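Here is a set of short exercises to work through with the model open in your viewer. Try each task before you read its solution.

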Amino acid sequence: MSLCIPVVAVNINELGRARLEGRAQAMGLRVTGSVSRRTALLVTDGADPDTTKARNAREYGTRIVDPNVFAALLEYVQPGGG
């Protein structure tokens with residue numbers, strides 16, 4: 001599974017984003033900086049819904065979730081087997 005936690009142009013603060021990325025990676029999820037057809041989730045606060053990443057996510061049918069929702073979803077992810 002791949003997910004995109006954008007590094008630029010989205011209003012997730014640096015510390016919060018780093019924590020979410022670390023938790024996701026610890027669970028075996030691949031965190032990327034761009035949205036592709038293989039991206040499962042785009043994590044964004046939605047402050048700018050017209051970013052390239054948000055537009056691509058909508059075009060590809062990628063789910064867009066708020067950082068707080070993503071943090072809650074991580075509670076249900078089973079760690080990857082590596």
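## Warm-up: a helix cap

Asp66 caps the N-terminal end of α3, with one of its side-chain oxygens 2.7 Å from the backbone nitrogen of Asn68. Such a polar contact is a pair of N or O atoms within 3.5 Å; within protein, one must be able to donate a hydrogen and the other to accept it, and residues adjacent in sequence count only if both atoms are side-chain atoms.

Before going on, note that this is a predicted model, where local features need pLDDT of at least 70 and side-chain atom pairs count only at pLDDT 80 or more, while totals for chains, interfaces and linings use all residues. Residues are numbered from 1 along each chain as its sequence is written, and side-chain values use heavy atoms, with hydrogens and water left out.

## Exercise 1: the overall layout

Task: Work out how many helices and strands the protein has, and in what order the elements run.

Solution. Step one is the count: the protein has three helices and four strands. Helices (H or I, at least four residues) and strands (E, at least two) are DSSP runs, numbered from the N terminus. Step two is the order, which from the N terminus on reads β-α-β-β-α-β-α. Step three is burial: 37% of the 82 residues count as buried, where buried means under 20% relative accessible area, exposed over 50%, and partly exposed in between (1.4 Å probe, protein chains only).

## Exercise 2: the core

Task: Find which residues make up the largest nonpolar core, and which element supplies its largest share.

Solution. Begin with the members, ten in all: Leu20, Ala24, Leu29, Val31, Leu41, Val43, Val65, Phe70, Ala71 and Leu74. A nonpolar core is a set of buried Ala, Val, Leu, Ile, Met, Phe, Trp, Tyr and Cys residues joined through side-chain atoms within 4.5 Å. Next, sort them by element: α1 (14-26), β3 (39-43) and α3 (67-74) each give at least two residues to this core. The largest share, three residues, belongs to α3.

Now look at α3 by itself, where Pro67, Phe70, Ala71 and Leu74 are buried. These residues cover an arc of only 100 degrees around the axis, which puts them on the same side of α3; the arc is that of the directions from the helix axis to the C-beta atoms. An α-helix has 3.6 residues a turn, so residues three or four places apart point the same way.

## Exercise 3: strand, helix, strand

Task: Follow the chain from β3 to β4 and determine the handedness of the crossover.

Solution. First, β3 is largely enclosed by the rest of the structure, because four of its five residues are buried. Second, β3 and β4 (residues 63-65) run parallel and are joined by three bridges; two strands pair if DSSP finds at least two bridges between them. In this pairing, Leu41 stands opposite Arg63 in β4. Third, the chain passes from β3 through α2 to β4 in a right-handed β-α-β crossover. Right-handed means that, with the strands pointing away from the viewer, the path from the first strand over the helix to the second runs clockwise.

The connecting helix has its own buried residues, Lys53, Ala54 and Ala57. They fall within an arc of 100 degrees seen down the axis of α2, so they line one face of the helix. After α2 comes Gly61, with a positive phi near 75 degrees.

On the way into α2 (52-60), the loop after β3 holds Thr44. Thr44 is buried at a relative accessible area of 10%, and a polar atom of its side chain lies 3.2 Å from the backbone nitrogen of Gly46.

## Exercise 4: charged pairs

Task: Locate the three salt bridges that a search of the whole structure finds.

Solution. Apply the criterion: a side-chain nitrogen of Lys or Arg within 4 Å of a carboxyl oxygen of Asp or Glu.

- Arg17 pairs with Glu21, the closest N and O atoms being 3.9 Å apart. Both lie in α1, four residues apart, about one turn of the helix. Arg17 is buried, at 5% relative accessible area.
- Arg23 pairs with Glu75 at 2.7 Å between the closest N and O atoms. Arg23 lies in α1 and Glu75 in the segment after α3, so the pair ties together parts 52 residues apart in sequence. Arg23 is partly exposed at 33%, whereas Glu75 is exposed at 57%.
- Asp50 meets Arg55 at 3.6 Å, N to O. Asp50 is partly exposed at 48%, and Arg55 is partly exposed at 38%.
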